[in-house]
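I opened this notebook to keep a record of what I looked up, entry by entry. The sequence and the structure come before the notes.

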Amino acid sequence: MFMIIESLVFAVGFVSSLLSMPAVMKFMRSRGIVGVDMHKLDRPSIPEMGGVAVLIGLTASTLAAAALMPDRANILLAFLFSALIAGIIGAIDDLKPLSARVKPLLTLLSGVPILLMGAYNRRGPIFPMIGQTRLSLVYPIVILIALAVTSNAVNMLDPFNGTMSGSCTVITISMLISSLILDRWEGLILSLCLLGPLLVLYLFNKYPARVFSGDVGSLAIGAALGAIAIIGRLEAAAVIAFAPQIMNAFYGLSTIGRLYERREVPRPVILRDDGRLEATSDPKAPITLARIILAYGPMHEREAARTIIILSIISGILSVFTAYLMKVTT
Amino acid sequence: MIRRIVDFTLILLFMWACMILGLWIIDRIIVPLEIPYVHPLITAIIKVGASSVLAIIWLWIWREIVKRMFWHTLKSYRRRSEQTGDGESGGKSIKGNN
């Protein structure tokens with residue numbers, strides 16, 4: 001019976017996203033909400049805000065799960081509201097860009113539903129070796145910061161077609177496997193709620209992209225992944241799964257020395273006349289993961305995107321191993 | 001592509017091992033710490049502070065390794081491209097989405 005519910009939740013998310021994505025793309029194009037894909041020589045215009053279809057799929061799958069398991073509706077709704085709040089902030093940013101300081105501050109709000117609905121482990125996170133911590137006073141503040149960090153870190157690692165959607169799909173799968181290892185029902189069902197819409201986004205966003213996710217998608221997906229880590233008590237495994245995102249955000253911020261928007265700083269990547277991408281040697285440009293990968297030499301966008309996804313798979317494997325360590329050492 | 005992935009995997013493995021070592025230090029050294037004549041609340045704050053310092057050191061090591069690797073790799077590539085006449089000068093700076 002339980003396997004049927006899980007399959008159903010995944011299917012609802014996948015199908016509703018798949019059906020809504022073409023309509024969202026058509027709507028965005030008709031309203032002129034398009035972005036130029038600057039990593040191609042012909043610079044095609046691509047519909048923006050494809051993340052709206054992810055939110056539609058996520059809402060459908062989470063509500064389906066809540067209807068099938070009304071006794072667990074509380075945590076399911078906390079998860080959904082967290083993702084929706086981040087998505088709304090992302091939509092505002094897509095339509096009227098927010099400043100580099102306001103956006104991260106607003107994303108702190110995405111953790112509020114988890115706190116208000118008590119959908120977290122009140123004693124604190126669980127780590128391998130250490131086991132259950134006792135951080136009951138600090139943990140609520142950590143939750144707010146954690147969701148702001150995950151949503152903005154995911155938003156920052158979107159340099160090439162399909163990297164954000166692909167790497168987040170890998171993180172979701174690693175959280176799902178970690179939940180199975182640790183027997184965490186919440187992590188399992190929430191990962192399935194997100195996995196369907198994410199796969200659809202990847203299908204449409206992979207090279208060559210037919211849609212851009214927009215901040216509406218990246219912030220919502222980041223917040224949803226953070227919420228899975230908190231509600232599913234998978235914090236340590238999530239930190240490892242998020243390694244490429246953490247690396248990218250941390251290096252970028254430490255090079256620039258403050259919060260920044262992409263448009264405010266020199267671009268870290270250069271498009272060559274032969275269509276390949278190259279890392280700039282401009283010392284003022286942020287050291288991002290894309291720039292580090294391209295420092296070895298020029299690459300086509302498809303290869304660069306594949307490299308980032310492979311790195312995500314490696315961190316995903318390490319995160320699953322971390323979950324296994326949590327099981328055997330605590 | 002293989003070289004890039006191998007380098008990053010080694011860094012990831014190193015940082016993962018450092019995290020496990022840090023957690024071991026917290027578990028075996030910091031958590032059992034008892035300071036005589038000091039209020040338990042102060043002791044708890046010291047423990048959280050020491051653990052936070054470890055986490056910051058972890059992030060700092062991570063940053064330094066990658067920063068050095070990045071500039072070393074970029075300089076090696078620039079040297080090679082200068083010799084072959086292939087490099088940044090042929091490109092154009094890009095602005096826009098994605």
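The entries below go through the helix pairs, the core, a few loop residues and the second chain.

**Ground rules**

I am working with a predicted model, in which local features need pLDDT of at least 70 and side-chain atom pairs count only at pLDDT 80 or more, while totals for chains, interfaces and linings use all residues. Residues are numbered from 1 along each chain as its sequence is written, and chains are lettered from A and ligands numbered from 1 in the order in which they are written.

I take helices (H or I, at least four residues) and strands (E, at least two) as DSSP runs numbered from the N terminus. Axes are lines fitted to C-alpha atoms, for helices over the stretch in contact, with angles from 0 to 180 degrees between N-to-C directions. I call angles under 35 degrees roughly parallel, over 145 roughly antiparallel, 65 to 115 roughly perpendicular and the rest oblique.

**Entry: α8 and α9 of chain A**

I looked up helix α8 (residues 185-205) and helix α9 (residues 214-231) of chain A, whose axes come within 9 Å and cross at roughly 160°. The two helices α8(A) and α9(A) are therefore roughly antiparallel to each other. I noted that α8(A) passes α9(A) in a left-handed crossing; a crossing has that name if the near helix is turned anticlockwise from the far one by less than a right angle, and is right-handed if clockwise.

For contacts I use C-beta atoms, placed from the backbone, that lie within 7 Å. On the α8(A) side the meeting residues include A:Leu190, A:Leu194 and A:Leu198, and on the α9(A) side they include A:Ile221, A:Ala224 and A:Ile228. By class, this contact of α8(A) with α9(A) has 8 nonpolar, 3 polar and 1 charged residues, where Ala, Val, Leu, Ile, Met, Phe, Trp, Tyr, Cys and Pro count as nonpolar, Asp, Glu, Lys and Arg as charged, and the others, Gly among them, as polar.

In the loop between α8 and α9 of chain A I found A:Pro208, and the peptide bond that leads to A:Pro208 from A:Tyr207 is cis, with omega near -10°.

**Entry: the core**

Which residues have the most contacts inside the largest nonpolar core? That core has 129 residues, and the ones with the most contacts inside it are A:Phe79, A:Ala83, A:Ala220, A:Ala224, A:Ala227, A:Ile228 and A:Ile231. The largest share of this core, 13 residues, comes from α8(A). A nonpolar core here is a set of buried Ala, Val, Leu, Ile, Met, Phe, Trp, Tyr and Cys residues joined through C-beta atoms within 7 Å, and a residue is buried if 20 or more other C-beta atoms lie within 10 Å of its own, exposed if 12 or fewer, and partly exposed in between.

I then followed A:Ile228, which, not counting residues up to four places away in sequence, touches A:Met175, A:Gly187, A:Leu190, A:Ser191, A:Leu194 and A:Leu234.

**Entry: two more helix pairs**

The axes of helix α7 (residues 163-182) and helix α13 (residues 301-329) of chain A come within 9 Å and cross at roughly 15°. That angle makes α7(A) roughly parallel to α13(A), and their crossing is right-handed. The residues of this contact of α7(A) with α13(A) divide into 14 nonpolar, 8 polar and 1 charged.

For α6(A) and helix α11 (residues 243-256) of chain A, I noted axes that come within 8 Å and cross at roughly 85°. This makes α6(A) roughly perpendicular to α11(A).

**Entry: loop residues**

Two residues drew my attention for their positive phi: A:Arg43, with phi near 45°, and A:Met49, with about 60°. A:Arg43 lies in the loop between β1 (34-36) and β2 (45-47) of chain A, and A:Arg43 is partly exposed, with 13 other C-beta atoms within 10 Å. A:Met49, in the loop between β2 and α2 (51-68) of chain A, counts as buried, with 26 C-beta neighbours inside 10 Å.

**Entry: chain B**

Chain B has 2 helices and 1 strand, in the pattern α-α-β along the sequence, and buried residues make up 13% of its 98 residues. I found 32 residues of chain B in contact with 42 residues of chain A. The largest share of the side of chain B that touches chain A, 12 residues, comes from α1(B).

Technical notes:
Two residues are in contact if their C-beta atoms, placed from the backbone, lie within 7 Å.
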